[in-house]
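The following exchange works through a single chain by question and answer, beginning with its charged pairs and ending with its overall make-up.

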Amino acid sequence: MACWHNTDSICVIWPTGDLGVSLVTGEPVADLVRARLPATLLLAVLAFACVLVVALPGGLLAAVWTRGGRRPRAELAFTATTSAMAGMPDFVLAAGLTAGLAVALRIFPVAGDLGPQSYVLPVLALALAPTAVLLRIVRVETLKVLATDYLRAARAKRLPAVPLYLRHVAPNTLTASLTLAGNLLPALIAGTVLVEKVFAWPGIGSAMAQSVAAQDYAVVEASVLVLGSAVLVVNFLVDLALALLDPRSVIRKT
């Protein structure tokens, strides 16, 4: 921040981009952010991509499989599994994945960025709970679409199953699902703080956790600013994608 005094002795404050220096190491906070931000962004992007890739088709298939009260046992298993996954905290998932897949089975590295395999456990820890939530949302939205009159008419015309679901069901489900997926992003980005701490990931989240313990307030403030800005940017991108997919959503909001 900088202050400029005009002829009336009024102080005008504007941002300069100077985030200050670390109270512990004396390192400029901006340098720390530039060094650690790519690792956090890549982790969050991979986790969000996994959420979309699994939840969108998975929820659609679950709705088709259980529509009209069919296969009640499968519906019960789906509901119980996704409820358990959605209610589990990120750090518990991270600790469980580390104990099972890294320590016991030694399939993946325990901590640190040691190559592509190192991304698997942190991404899973971040993505599992949002995936479970979005799976349930996509299934409910798909069931609503399947119950509409135009879908009944399309089935009455004996349209093939694949074009029916891809052209008529998926686009209508996608709009509502993406809107709700955007609401899951703040929790996913916030989860990077604890997940990075568990896996000693060299990102903004682990730096923030260390700075809180060391009372390094300059780094904490910068980390909160960066993570909050990331949430705003991603939400804007989600709204832009919705406007491209369904221009009517923009009219409804205005």
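Q: How many salt bridges does the count come to by this rule?
A: The model is a predicted one, in which local features need pLDDT of at least 70 and side-chain atom pairs count only at pLDDT 80 or more, whereas totals for chains, interfaces and linings use all residues. Residues are numbered from 1 along each chain as its sequence is written, and side-chain values use heavy atoms, with hydrogens and water left out. A salt bridge is taken as a side-chain nitrogen of Lys or Arg within 4 Å of a carboxyl oxygen of Asp or Glu, and by this rule the count comes to 3.

Q: Which helices does the salt bridge between Glu75 and Arg139 link?
A: The side chains of Glu75 and Arg139 meet with N to O at 2.9 Å. The pair links distant parts of the chain, 64 residues apart, with Glu75 in residues 72-86 and Arg139 in residues 120-146, that is, in helices α2 and α4 (helices are DSSP runs of H or I with at least four residues, strands are runs of E with at least two, and both are numbered from the N terminus).

Q: Is Arg139 buried or exposed?
A: The classes rest on relative accessible area, found with a 1.4 Å probe and protein chains only: buried is under 20%, exposed is over 50%, and partly exposed lies in between. Its partner Glu75, at 27%, counts as partly exposed. Arg139 has a relative accessibility of 9%, so this residue counts as buried.

Q: What is the N to O distance in the salt bridge of Arg34 and Asp31?
A: Both residues lie in helix α1 (residues 29-66), 3 residues apart, about one turn of the helix. Arg34 is exposed at 57% relative accessible area, while Asp31 is partly exposed at 33%. Their side chains meet with an N to O distance of 2.3 Å.

Q: Which residue forms a salt bridge with Lys144?
A: Lys144 is exposed, with a relative accessible area of 52%. Its partner also lies in helix α4, 3 residues apart, about one turn of the helix. The closest N and O atoms are 3.8 Å apart, and the partner is Glu141.

Q: How many helices and strands are there in the chain?
A: From the N terminus on, the elements run β-β-α-α-α-α-α-α-α-α-α. Buried residues make up 37% of the 254 residues in this chain. The chain thus described has 9 helices and 2 strands.
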